[in-house]
Amino acid sequence: MKCDKCNREAVIYQKYSGMHLCSLHEIADVERKIKRRMRKERMAKPGDHIAVAMSGGKDSAVTLSILIDTFTTRSNIKFSAITVDEGIEGYRNESIPFAKELCDRLGVPHYVVSFKEEIGHTLDDILSRERKEASCTYCGVFRRTLLNRKAREIGANKLATGHNLDDEAQVVLLNVMNGDVERLARLRPSRAQEGLIPRIKPLIDVPEKEIALYAFLKKLPFYMGECPYTSESFRGEIKDMLNDFEARHPGTKYSVLSGFENMIDCLKEKYPQVPLAKCEVCGEPGIQGVCQACKLKKRVRID
Ligand code: SF4
């Protein structure tokens, strides 16, 4: 197949757009979508210090690489990368060297914080205990806390994550299927909250498959392994369902995202942003008296 924009060999067929694209036009298309989102949400401005949450996988590799490429001439935007080592044997220890390699290549300071050092236990250890919640709940809550704390410590004023279109559509559906509309409204906070570093998600208009292709075409170092706990999650089922719908009805993931974005103003009106308080135990920002991380620690008896 030939590219619909030139005569080169196509590397992808975008079912949702009906376009065959060669490597050059696919790279341009991915970058266009990411830059459009960054402009639309005014994600970066002079004087910013943006910390990128860096797992060593394709999404964070593309996030860091594109941010650096885009703002390379604006020396007044500073970048750092933070990797959280959850302590997942055979997975995170394998991905961290890829994160380090890319940061070294791009000249970006790289910080690694671990569950073991900050919480006292690896995720593997926590999950081996008697517990009620799914593995990703512990992992996600503790990881968000550590990322936020480290970003604050190094003076970052924004935290960029590598959520792609698939991730964002999954989270929207997950909250709908859990009936948690308030959490859905919190996906797009109206304003910054004290102690909580605002998050930016530049990749949410690009399907996961195309992020992987982009990383491959740009020869970025990234880890391809999968977390051993993925299969435990409800979100994994939603991912399969969405992929199935996307295959039969191309454009479904974009529709979920745009449907959500069309509703967001109504959601925010119904569920206005609540001011955060300091956790009574650790001092980190949280909605109620004791933050989610401290509650979880107590539940698995590691407080
Ligand atoms: Fe953590 Fe779940 Fe992601 Fe594994 S799949 S890294 S347990 S959030």
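## Nonpolar surface patch

In this predicted model, helices α7 (165–177) and α10 each contribute at least two residues to a nonpolar patch. The patch lies on the surface, covers about 420 Å², and is formed by Val 176, Met 177, Phe 234, Met 241 and Phe 245. Helix α10 provides the largest share, namely three residues. One of the patch residues, Phe 234, is located in helix α10.

## Packing of α10 and α11

Helix α10 spans residues 234–248 and helix α11 spans residues 252–270; their axes approach within 8 Å and cross at roughly 115°. Angles of 65 to 115 degrees count as roughly perpendicular, and α10 is therefore roughly perpendicular to α11.

On the α10 side, the contact involves Leu 242, Asn 243, Phe 245 and Glu 246, while α11 takes part through Thr 252, Lys 253 and Val 256. By character, the residues of this contact comprise three nonpolar, two polar and two charged. Phe 245 belongs to the contact with α11 and also to the nonpolar surface patch.

## Salt bridges

Side chains carrying opposite charges can pair when their charged atoms come close. The structure contains 30 salt bridges. Among them is the pair Glu 133 and Arg 299, whose closest N and O atoms are 2.3 Å apart.

This pair connects distant parts of the chain, the two residues being 166 residues apart. Glu 133 sits in the loop between α5 (123–127) and α6 (135–153), whereas Arg 299 is in helix α12 (residues 292–299).

How values were computed:
Residues numbered from 1 in each chain as written. Predicted model: local features only at pLDDT ≥ 70, side-chain atom pairs only at ≥ 80, totals over all residues. Heavy atoms only, no water. Axes fitted to C-alpha atoms, helices over the stretch in contact; angles between N-to-C directions. Helix = DSSP H or I, 4+ residues; strand = E, 2+ residues; numbered from the N terminus. Parallel < 35°, antiparallel > 145°, perpendicular 65-115°, else oblique. Contact = heavy atoms within 4.5 Å. Nonpolar A, V, L, I, M, F, W, Y, C, P; charged D, E, K, R; others polar. Patch = residues over 30% accessible without salt bridge, like charges linked within 9 Å, V, L, I, M, F, W, Y side chains within 5 Å. Areas by Shrake-Rupley, 256 points an atom, 1.4 Å probe, with all protein chains shown as cover. Salt bridge = Lys/Arg side-chain N within 4 Å of Asp/Glu carboxyl O.
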